[in-house]
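The notes below are meant for a colleague opening this entry for the first time. Please read them with the structure in view.

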Amino acid sequence: VSVGAREAWAFRFRVEVEACLRFQSLARRVEAFDADSPVVALLREAASDERRHVELCRALAIELGATALVEPTALQQIAPSRLSERDRVLYEIISACCVTETESVATLTTLLSHPMRPDVEQTVRAIARDEVRHARLGWAHLAREASQRSVAHAGVWLPAMLEGTFVEGGGEGARELGVLEPSARRIVFAAALRDAVLPGVEHFGIEVSAAREWLERFTGRTAP
Ligand SMILES: [Fe+2]
Ligand SMILES: [Fe+2]
């Protein structure tokens with residue numbers, strides 16, 4: 001079994017744990033300033049979806065030979081601390097849902113267009129179904145915020161946010177085991193930004209020229 005695939009699923013396992021923790025935290029924090037928001041219940045559902053993903057990824061990583069799977073317990077602070085609490089929430093939801101979940105759907109969809117080992121395909125399909133909803137909940141929160149106040153100022157956050165989202169590296173790909181090769185990951189990420197994420201945020205009055213410049217540098221950068 002490919003070491004790359006084992007490590008990739010062990011990495012996804014940790015990402016899913018973090019997603020679960022982040023959605024639990026965001027549900028409490030949105031509720032604190034907007035108790036009537038339908039997004040609160042969506043965030044709680046998303047947290048329980050991510051719990052299922054944790055177990056799916058754990059099972060597959062172990063099946064591929066992973067042994068030491070340690071669950072992260074603390075959540076990394078991704079939003080700048082100078083922002084207000086409400087803007088930190090907005091930052092985290094744009095990053096976690098509008099960007100990361102959209103990228104995740106694009107990656108899983110690309111994987112599903114090629115033959116995979118049946119157990120891997122089942123896992124990828126189950127996760128992809130939920131991630132589509134998690135991306136939507138981000139857009140729902142952004143729409144609700146944009147209906148209550150201007151969100152234009154979020155544009156300056158985008159380059160650092162995008163830089164923090166894409167994790168370089170990963171060994172060789174193993175598509176039949178659910179892992180894209182690094183060059184394909186970059187192409188899928190860039191296409192998701194260009195075709196879905198940036199037009200989506202721009203729709204809510206967020207300035208995307210800095211993000212577009214970042215994307216141009218990203219696509220021109222050669223993979224390490
Ligand atoms: Fe997930
Ligand atoms: Fe998700």
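1. Along the chain, the donors of the iron ion (ligand 2) follow the spacing E-x50-E-x29-E-x2-H, and it should be kept in mind throughout that the model is a predicted one. The protein donors behind this pattern are Glu50 (OE), Glu101 (OE), Glu101 (OE), Glu131 (OE) and His134 (ND1), which lie 1.9 to 2.6 Å from the iron ion (ligand 2).

2. For the iron ion (ligand 1), the protein donors are Glu16 (OE), Glu16 (OE), Glu50 (OE), His53 (ND1) and Glu131 (OE), at 2.0 to 2.8 Å from the ion. The donor residues of the iron ion (ligand 1) are spaced E-x33-E-x2-H-x77-E in sequence.

3. The two sites should be read together, since Glu50 bridges the iron ion (ligand 2) and the iron ion (ligand 1), which are 3.4 Å apart. Glu50 belongs to helix H2 (residues 39-63) and Glu131 to helix H4, so this pair ties together parts that stand 81 residues apart in sequence.

4. Are Glu50 and Glu131 buried or exposed? Both of them are buried: Glu50 counts as buried because its relative accessibility is 0%, and Glu131, with a relative accessible area of 3%, is buried as well. The cut-off that this reasoning needs is a relative accessible area under 20%.

5. Turning to the pockets, the largest pocket holds about 1300 Å³ of space, and its lining is made up of 44 residues, among which Phe11, Val15, Thr100, Thr165 and Val167 lie nearest the centre of the pocket. The elements that give two or more residues to this lining are helix H1 (3-33), helix H3 (85-112), helix H4 (118-148), helix H5 (158-165) and helix H6 (182-202).

6. Which element provides the largest share of the lining of the largest pocket? That share comes from H1, with 13 residues. Sorted by class, the lining of the largest pocket has 18 nonpolar residues, twelve polar residues and 14 charged residues.

7. A reader who wishes to check these points might begin with Glu50, which coordinates both the iron ion (ligand 1) and the iron ion (ligand 2), and then follow helix H4, which holds Glu131 and is also listed among the elements that give two or more residues to the lining of the largest pocket.

Key
Residues numbered from 1 in each chain as written. Chains lettered and ligands numbered in written order. Predicted model: local features only at pLDDT ≥ 70, side-chain atom pairs only at ≥ 80, totals over all residues. Heavy atoms only, no water. 1 Å grid on protein atoms, 1.4 Å probe; cavity = no way out; pocket = protein on both sides within 12 Å on 5 of 7 lines; lining within 4 Å. Points joined across faces, edges and corners; volume = space filled by probe spheres on them. Helix = DSSP H or I, 4+ residues; strand = E, 2+ residues; numbered from the N terminus. Nonpolar A, V, L, I, M, F, W, Y, C, P; charged D, E, K, R; others polar. Donors = N, O, S within 2.8 Å, 3.2 Å for Na, K, Ca; no water. Buried < 20%, exposed > 50% of the residue type's maximum accessible area, 1.4 Å probe, protein only.
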